[in-house]
Amino acid sequence: MKTNKMLLQILLILLSSVNLFAAGDNSEETIYSVAKIMVVVSLVSILFVIWLVLVYSEKNDNHGEMLKRPFRKLFGMLTKSTPIEKEHEILLGHDYDGIRELDNRIPPWFHGLLWLTIIFAVVYMIRFHVAGSGNVMADEYIEEMRQAAVEREILVKTGAFLNEETVTFDDSPASLNAGKDIFIKNCAACHANDGGGLVGPNLIDEYWIHGGGIKNVFRTIKYGVPQKGMISWESQLNPTEMQEVASYILTLQGTQSANPKAPEGDKWEQADEEDPGTEKQI
């Protein structure tokens, strides 16, 4: 009975640990997986208890012999081991300093494992070296490179590789239109709809407080200027959106404003007309 109580206690501990694990993770997928495990463990526990009830009903088995019997039978089937009391039947005539040799059979589990490896080897050979190309590692490498290319394309589209050092001016209509929408929504309150400046400096002249060009404008948008009251937009705009609005801001250079603020900062001269990111301070 002590053995049975110990088994029941182990099952209860397992159930408790699964519940704790489920409570510690809010992921829906993890909770769903844990719930399935809990259901399986619960069903096994219920079946085990029912089996105990059926086995021990009106029985007097204080030592748990009936509980151990099926496990012993299973072990016997897997090993085909000869009981100690029958070992004299398989004794060989060899005697080495009192050590006698038994003629034990190879266990069935070992036979099964041997045949399983043979079947696996045949299936593997046909699958990869007869029906397949045989270049298993080369095929895996090509597939991994294909997946990496797809992932890289996704990262490029999401702007994961964009930062203040790699950003470039994007003058495509889609980018500039998106940048204009972002500017009107988030920047016009301080810089005016036409970029002439309100609380913040005007963005239509050649003077910049924190540097002109796509890289400097991108950096200013990303990190902000807390001492001047401009917040960092890094947590609200992704890199692509910051590139779009920075590119749009640069297109405001030389435009007219209804009420422009006076120039502030230092004058910047564009070195390359096709790339406003290569400006230099003069």
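Of the contacts in the chain with a separation of 6 or more, 58% are accounted for by residues 24 or more positions apart, and this value, like those that follow, was computed on a predicted model. The chain has 282 residues, of which 24% are buried, and its accessible surface comes to about 20200 Å², with 61% of that surface belonging to carbon and sulfur atoms. Eight helices and five strands are present in the chain, and, read from the N terminus on, they follow one another as α-α-α-β-β-α-α-α-β-α-α-β-β.

**Three helices and a nonpolar core**

The largest nonpolar core has 23 residues, and F183, W208, V217, I221, V245 and I249 are those with the most contacts inside it. The elements that give two or more residues to this core are α6, α7 and α8, and α8 gives the most, with six residues. The residue ranges of these helices are set out below.

| Helix | Residues |
|---|---|
| α6 | 173–191 |
| α7 | 213–223 |
| α8 | 239–251 |

V217, one of the core residues with the most contacts inside the core, touches W208, G211, A246, I249 and L250 when residues up to four places away in sequence are not counted.

**How α6 meets α8**

Two packed helices are described by the angle between their axes and the distance between the axes. For α6 and α8 the angle is about 90°, and the axes lie 7 Å apart. Because angles of 65 to 115 degrees count as roughly perpendicular, α6 and α8 are described as roughly perpendicular to each other. On the α6 side the contact is made by S175, L176, A178, G179, K180, I182, F183 and C187, while α8 takes part through E241, E244, V245, S247, Y248, I249 and T251. Sorted by class, the contact of α6 with α8 has eight nonpolar, four polar and three charged residues. Among the residues of this contact are F183, V245 and I249, which are also listed among the residues with the most contacts inside the largest nonpolar core.

**S175 in α6**

S175 is found in helix α6 and is one of the residues through which α6 makes its contact with α8. Is S175 buried or exposed? Its relative accessibility is 3%, and because buried means under 20% relative accessible area, S175 counts as buried. Leaving aside residues up to four places away in sequence, S175 touches D170 and E244, and E244 is itself among the α8 residues in the contact with α6.

Note on methods. Residues numbered from 1 in each chain as written. Predicted model: local features only at pLDDT ≥ 70, side-chain atom pairs only at ≥ 80, totals over all residues. Heavy atoms only, no water. Helix = DSSP H or I, 4+ residues; strand = E, 2+ residues; numbered from the N terminus. Buried < 20%, exposed > 50% of the residue type's maximum accessible area, 1.4 Å probe, protein only. Contact = heavy atoms within 4.5 Å. Areas by Shrake-Rupley, 256 points an atom, 1.4 Å probe, with all protein chains shown as cover. Axes fitted to C-alpha atoms, helices over the stretch in contact; angles between N-to-C directions. Parallel < 35°, antiparallel > 145°, perpendicular 65-115°, else oblique. Nonpolar A, V, L, I, M, F, W, Y, C, P; charged D, E, K, R; others polar. Core = buried A, V, L, I, M, F, W, Y, C linked by side-chain atoms within 4.5 Å.
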